[in-house]
Amino acid sequence: MQKYKLTCAIAAICGSLAMGANASSHREAPNITRMPTVDSTDFYAFNSYEEGRGDYVTMIANYIPLQDAYGGPNYFAMDPAAVYSIHVDNDGDAVEDITFQFRFSSMLPADGEGVALEVGAEGEKKSIAVPLKNVGGISAGNEANANFSEHYSVTMVSGDRRTGTAMELEEANGGGAMFTKPLDYIGNKTFGSEAGYSDYADSFVHEVALPGCDMNARVFVGQRKDPFTVNLGKTFDLVNYVPVEGDSAAGAGDGGGFPGGITQSMDNDDLRWKNVTALAIEVPKSCVTGSGNGVIGSWTSASLPQARILNPMADFDKPEVNGGALTQVSRLGSPLVNELVIGLKDKDTFSASEPKDDGQFADYVTHPSLPELLNILFKDAVNQTLGTDFATLAPTNFPRLDLVTAFLTGFEGVNQQAMVTPSEMLRLNTGIAAVPADQQSAFGVAGDDLAGFPNGRRPGDDVVDIALRVVMGRLCHPVPVAGENTDLGLCAPDDAVVGTVPFTDGAPLNAGMMDTSFPYLADPIAGSE
């Protein structure tokens, strides 16, 4: 039991390396910045903690980053030419065994003509299509005033995503295989109130039958508040703040921490007024774990047809023609990998790659560049403030084999699969029971909460601060294990002179900021109060 706890503690800290540093996966590679509708922002996989759903796993893939709530008149539709996928590897060969594919279509009412108004004097009236996506109030069960709708199908592929056996999921009550996505949160005049939009959006949670599974699944696609918190602008401005806790403890408000250090505040969260579009699916554990050891690896990807030809006479139904083989343009398991681990020249390669081929990126893990960048930015200031003479702030244990274990293989007894294939995936032990939201630690396993990060990732897990500390060498120093400081033997304290410093971006995150039932992410920010 003690060995198991030790392994869990190691995983909690090491696993966070896969997060890289302190930003979420928004606009993570040069090519994807041109295609926001297929840009994945965050991916979550966790044991469902809604009451009565302990036998289920929830996976959420967020797309279309940095949505301004007031983004009218067209808001944020999905790409009808794209295939959005959530992949599950349940045996550890870094190849998907199950894939859930989402495909979208957009429609106008009135047989594709859209809502029109009679305009003009009597006898000279003309029917004129309106320019807006709605012409009046909308509520749960009453969408008569909607001038636009999005529908989607979900296909479950067993085996290889391209050649496996594919079956479309259908409503469990016989409602067919086409599901509807709610309109984005246009504003409170349209939906009446926040509660009105919440009721409306909740009506788009669909219960679906899974082929070969005795229990049903649930699926939801729709706009949500961006669940990630991050000091985004200042971080990428050469970390334009002192990334160390300025209080004696997070939230203490006493200024008793590092001189000039940043303190916890939602004002530090640059995503606090941003929305995303979530693709969420909840599935029975027994139907995705296969014959492995109960640990699944998962990730999301988005693909587009290889050729896109613009229509010089574009209209709603045919703005372009797409053809050719599906080509992956976006990929995300653990966030931050592509932004802050993978080198700029290889970011688009990573976006197009699959976990089984991740050996090509090994140097970015064994010799990470981020600690060196932080050293360049802060060494002189730290030495001056503390009166020290550190030769470097970056860890000096090369190659970083501890990070290879965390980043590519997982940890035995916690999140390591039956077969170990070095690869970047979000690994979840489905055998560890979920923890209710009000009992969750934002620091996951490191906060004595085995159901949290890096055992998968829940929306309220604050991976940012853990990641910053790990990348600067926290594992080289003794860490608390069952209440006792324990040397993990991965590296020595002399290898990381600032390894015990409480690094932070100052943007707090916890489960209380989320909902407690599927799809868990909070309702989106309203475009108008």
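**Exercise 1. Contacts of F102**

Which residues does F102 touch in this predicted model, not counting residues up to four places away in sequence?

*Solution.* Start at F102 in the predicted model. Leave out residues up to four places away in sequence; F102 then touches A82, V83, Y84, I86, Y152, S153, V154, V219, V221 and L279. Next, place F102 in its core. The largest nonpolar core has 75 residues, and F102 is among those with the most contacts inside it, as are V38, M59, Y84 and F100. Strand 2 (residues 56–68) gives the largest share of this core, six residues. Last, look elsewhere. A second, separate core has 15 residues, including V244 and F258.

**Exercise 2. The link of C213 and C287**

Where in the chain do C213 and C287 lie?

*Solution.* First, check the bond. A disulfide joins C213 to C287, with S to S 1.9 Å. Now locate each end. C213 sits in the loop between strand 11 (206–209) and strand 12 (217–225), and C287 in the loop between strand 13 (274–284) and strand 14 (295–310). The pair is 74 residues apart and links distant parts of the chain. The link is right-handed, with 75° about the S-S bond.

**Exercise 3. Burial at the other disulfide**

Is C476 buried or exposed?

*Solution.* Find the pair: C476 and C491 form a disulfide, sulfur atoms 2.1 Å apart. C476 lies in the loop between helix 11 (463–471) and strand 17 (479–481). C491 lies in the segment after strand 18 (484–486). Recall the cut-off: buried means under 20% relative accessible area. C476 has 1% relative accessibility, so C476 counts as buried. C491, at 12%, is buried too.

Notes:
Residues numbered from 1 in each chain as written. Predicted model: local features only at pLDDT ≥ 70, side-chain atom pairs only at ≥ 80, totals over all residues. Heavy atoms only, no water. Core = buried A, V, L, I, M, F, W, Y, C linked by side-chain atoms within 4.5 Å. Buried < 20%, exposed > 50% of the residue type's maximum accessible area, 1.4 Å probe, protein only. Helix = DSSP H or I, 4+ residues; strand = E, 2+ residues; numbered from the N terminus. Contact = heavy atoms within 4.5 Å. Disulfide = S-S within 2.5 Å.
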